[in-house]
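The exercises below go through one protein model, from the sheet to the core. Work each task before reading its solution.

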Amino acid sequence: MSNAPTRRQFVRGGLALAQTGLALAQNGLALAQNGLALAQNGLALALGVGVSRPARASMQAPAERADGIARLAFLNTHTGESLDVVYREGPRYLTDALGEIDRVLRDHRSGDVHEIDRALLDQLARLRALLDAGQRPFHVISGYRSPRTNAMLSARSSGVATRSLHLQGRAIDIRMPGVALGTVHRAALSMQAGGVGYYARSDFVHVDTGRVRRW
Ligand SMILES: [Zn+2]
């Protein structure tokens, strides 16, 4: 028998080094999430999708975990309803969870429920991860709007578009108590995904899945 390290031991050594490198990368990820700078966000996203290893799961924001589980939490400011749900496992969207989300984000004036764009949910999950918000829910000011509700609101306010993406379940107005509105706004802009509107007086940020634009 030889005392020379086996190939298996070499492999283990390599794995330890790789894990050390991973720990450094995780520190970088934490900094990126705090900084919210564009380039750092890119790093965070790259790490979020590039590495799949159980050891780093605890370092990951809940919505962008390496196991691909995507989770969202909402509180509807009009109805008081709240929801905290895993809506996607890897590429598989969970039908029951999507239905619960559609319901919480319904037109609270008319009661109409409409399918919410899955891409919007994924944007929100990314946003939540960037904000490092833990279990905090998004407070929802407006999700889906029926044609009648939107017509009523746009007649009352110049800030409501007549062909709003809220009509298609592709837009949401949110805030997150405990996180400055400006921070939510900057993080949403950094994703370069869809439209982002800042409504300081009404204290919410609009996010949609239309083309990339800002106001
Ligand atoms: Zn809106």
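Two strands count as paired if DSSP finds at least two bridges between them. The model is predicted.

**Exercise 1. Find the residue that stands opposite Ile172 in strand 7, and describe how the two strands run.**

Step 1. Ile172 faces Val207 of strand 7.
Step 2. Strand 5 and strand 7 run antiparallel and are joined by 4 bridges.
Step 3. Helix 6 packs on the sheet and touches strand 5, strand 6 (195-199), strand 7 and strand 8. The direction of helix 6 makes about 15 degrees with that of strand 7.

**Exercise 2. Give the order of the strands in the open sheet, and explain why strand 3 and strand 8 each have one side without a neighbour.**

Step 1. The open sheet has 8 strands in the order 3-2-1-4-5-7-6-8, and the pairing is mixed.
Step 2. Strand 3 and strand 8 (213-214) stand at the edges with a single partner strand each, so one side of each has no neighbour in the sheet.
Step 3. Along the chain, the elements follow the pattern α-α-β-β-β-α-α-β-α-β-α-β-β-β from the N terminus.

**Exercise 3. Trace the pairing of strand 1, strand 2 and strand 3, and state which glycines in the two hairpins take a positive phi.**

Step 1. Strand 1 (residues 69-76) pairs with strand 2 (residues 82-89) in the antiparallel sense over 7 bridges. Within this pair, the bridge partner of Phe74 is Leu83 in strand 2.
Step 2. The hairpin of strand 1 and strand 2 has 5 residues between the strands, and Gly80 there takes a positive phi near 80 degrees.
Step 3. Strand 2 is joined to strand 3 (residues 92-93) by 2 bridges, again antiparallel. Arg88 has Tyr93 in strand 3 as its bridge partner.
Step 4. In the hairpin of strand 2 and strand 3, with 2 residues between the strands, Gly90 has a positive phi near 60 degrees.

**Exercise 4. Describe the largest nonpolar core and state which element supplies its largest share.**

Step 1. The largest nonpolar core holds 32 residues. Leu105, Leu121, Leu124, Ile174 and Val207 have the most contacts inside this core.
Step 2. Elements that each supply at least two residues of the core include strand 1, helix 3 (95-104), strand 5 (171-175) and helix 6 (181-190).
Step 3. Helix 4 gives the largest share of the core, 8 residues.
Step 4. Leaving out residues up to four places away in sequence, Leu105 touches Phe74, Ile116, Val140, Gly143, Tyr144 and Ile172.
Step 5. For the protein as a whole, 29% of the 215 residues count as buried.

Conventions
Residues numbered from 1 in each chain as written. Predicted model: local features only at pLDDT ≥ 70, side-chain atom pairs only at ≥ 80, totals over all residues. Buried ≥ 20, exposed ≤ 12 C-beta atoms within 10 Å, placed from the backbone. Core = buried A, V, L, I, M, F, W, Y, C linked by C-beta atoms within 7 Å. Contact = placed C-beta atoms within 7 Å. Axes fitted to C-alpha atoms, helices over the stretch in contact; angles between N-to-C directions.
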